[in-house]
Amino acid sequence: MRVLGVDPGLTRCGVGVVEGAPGRPLRMAGVGVVRTPAEAEIGQRLLLVEQGLEAWLDEHRPDLVAVERVFAQHNVRTVMGTAQASAVAMLCATRRGIPVTLHTPSEVKAAVTGSGRADKAQVTAMVQRLLRLDAPPKPADAADALALAICHIWRGGTTNRLQAAVQAARATPLKDPSPLKGSAR
């Protein structure tokens, strides 16, 4: 499986491509950052993010795109920009028919380090070790994108199977094995 991880952001949108399967060695196919100038208008910045992500999708042709789920932060301006970049990533993938999945930061940290409270240095060190890289990926946004891809490769299949089972169970009507006839109410 080839997964494009996206750590959304307006100034720096981290992107990383990892190939692998659960229980097998992982391989980094690419890592980088889509950058936009902070002084540019929001529409122009989102267009630059889209163009950058489209180039990554063209070059790497992933089977799936894993995006970090946006969570509430104290800085509303930051969370808005992150959410907008996240939406662009989801749109680019969906337009091509590529499945998209979202992972929370704590889910990614737990998958990669074993602790949902790991700091950025711990995540980066484990990404370097898991992908057998000579140096840590930089900047942190790029390392986070690789961590997202690793998280999905290791956990996504299980999550997808559980979601499919739940949907199948909901679609199957339950039979009442012992209807209450003539019972007093």
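Let's start with the binding site: an unreviewed UniProt entry lists Asp7 and Asp141 under the feature "binding site". Although these two are spread over 135 residues of sequence, they cluster in space, with a largest C-alpha distance of 6.0 Å. Keep in mind as you look around that this is a predicted model.

**The annotated residues**

Where does Asp7 sit? Asp7 belongs to strand S1, which covers residues 2-7. Asp141, in turn, is part of helix H5, which covers residues 140-171. So the annotation brings together a residue from a strand and a residue from a helix.

Is Asp7 buried or exposed? Its relative accessible area is 6%, and because buried means under 20%, Asp7 counts as buried. Asp141 is buried too, with a relative accessible area of 13%.

Now look at the surroundings. Setting aside neighbours within four places in sequence, Asp7 is in contact with Arg12, Cys13, Gly14, Glu68, Asp141, Asp144, Ala145 and Leu148. With the same kind of neighbours left out, Asp141 is in contact with Asp7, Arg12 and Gly14.

Glu68 deserves a look of its own, since UniProt also places the feature "binding site" (unreviewed entry) at this residue. Glu68 is found in strand S4 and counts as buried at 16% relative accessibility. Not counting residues up to four places away in sequence, Glu68 touches Val6, Asp7, Pro8, Ser86, His103, Pro105 and Leu148.

**The overall layout**

Stepping back, the protein has five helices and five strands. From the N terminus on, these elements run β-β-β-α-β-α-β-α-α-α. Of the protein's 185 residues, 39% count as buried. The accessible surface comes to about 10700 Å², and 55% of this surface belongs to carbon and sulfur atoms.

How much of the contact pattern comes from residues 24 or more positions apart? Among contacts with a separation of 6 or more, such pairs account for 61%.

**Strand S4 and its partners**

Strand S4, residues 64-68, is largely enclosed by the rest of the structure, because five of its five residues are buried. In a regular strand the side chains alternate between the two faces of the sheet. In S4, both faces are covered: Leu64, Ala66 and Glu68 lie on one side, Val65 and Val67 lie on the other, and all are buried.

Which strands pair with S4? One partner is S1, which pairs with S4 in the parallel sense over four bridges. Here, Leu4 stands opposite Val65 in S4. Another partner is strand S5 (residues 100-103), and this pairing with S4 is also in the parallel sense, over four bridges. In this case, Val67 stands opposite Leu102 in S5.

**Salt bridges**

Side chains of opposite charge can pair when their charged atoms come close. How many salt bridges does a search of the whole structure find? The search finds eight. The table shows some of them.

| Pair | Closest N to O distance |
|---|---|
| Arg12 and Asp141 | 2.6 Å |
| Glu19 and Arg27 | 2.8 Å |
| Asp58 and Arg96 | 2.6 Å |

The pair of Arg12 and Asp141 takes us back to the binding site, with their closest N and O atoms 2.6 Å apart. This pair links distant parts of the chain, as Arg12 lies in strand S2 (residues 12-19) and Asp141 in helix H5, 129 residues apart. Arg12 counts as partly exposed at 36% relative accessibility, whereas Asp141 counts as buried at 13%.

The side chains of Glu19 and Arg27 also meet in a salt bridge, and Arg27 is partly exposed at 43% relative accessibility.

Asp58 forms a salt bridge with Arg96. Distant parts of the chain are linked here as well: Asp58 is in helix H1 (residues 42-60), while Arg96 is in the loop between helix H2 (76-95) and S5, 38 residues apart. Asp58 counts as partly exposed at 40% relative accessibility, and Arg96 counts as partly exposed at 31%. Both take part in a network of salt bridges that links Glu50, Glu54, Asp58, Arg95 and Arg96.

Methods. Residues are numbered from 1 along each chain as its sequence is written. This is a predicted model: local features need pLDDT of at least 70, side-chain atom pairs count only at pLDDT 80 or more; totals for chains, interfaces and linings use all residues. Side-chain values use heavy atoms; hydrogens and water are left out. UniProt positions are given in the numbering used here, feature names are shortened, and annotations may be inferred rather than shown by experiment. Helices (H or I, at least four residues) and strands (E, at least two) are DSSP runs, numbered from the N terminus. Buried means under 20% relative accessible area, exposed over 50%, partly exposed in between (1.4 Å probe, protein chains only). Contact means heavy atoms within 4.5 Å. Accessible areas come from the Shrake-Rupley method with a 1.4 Å probe; for residues, only the protein chains shown count as cover. Two strands pair if DSSP finds at least two bridges between them. A salt bridge is a side-chain nitrogen of Lys or Arg within 4 Å of a carboxyl oxygen of Asp or Glu.
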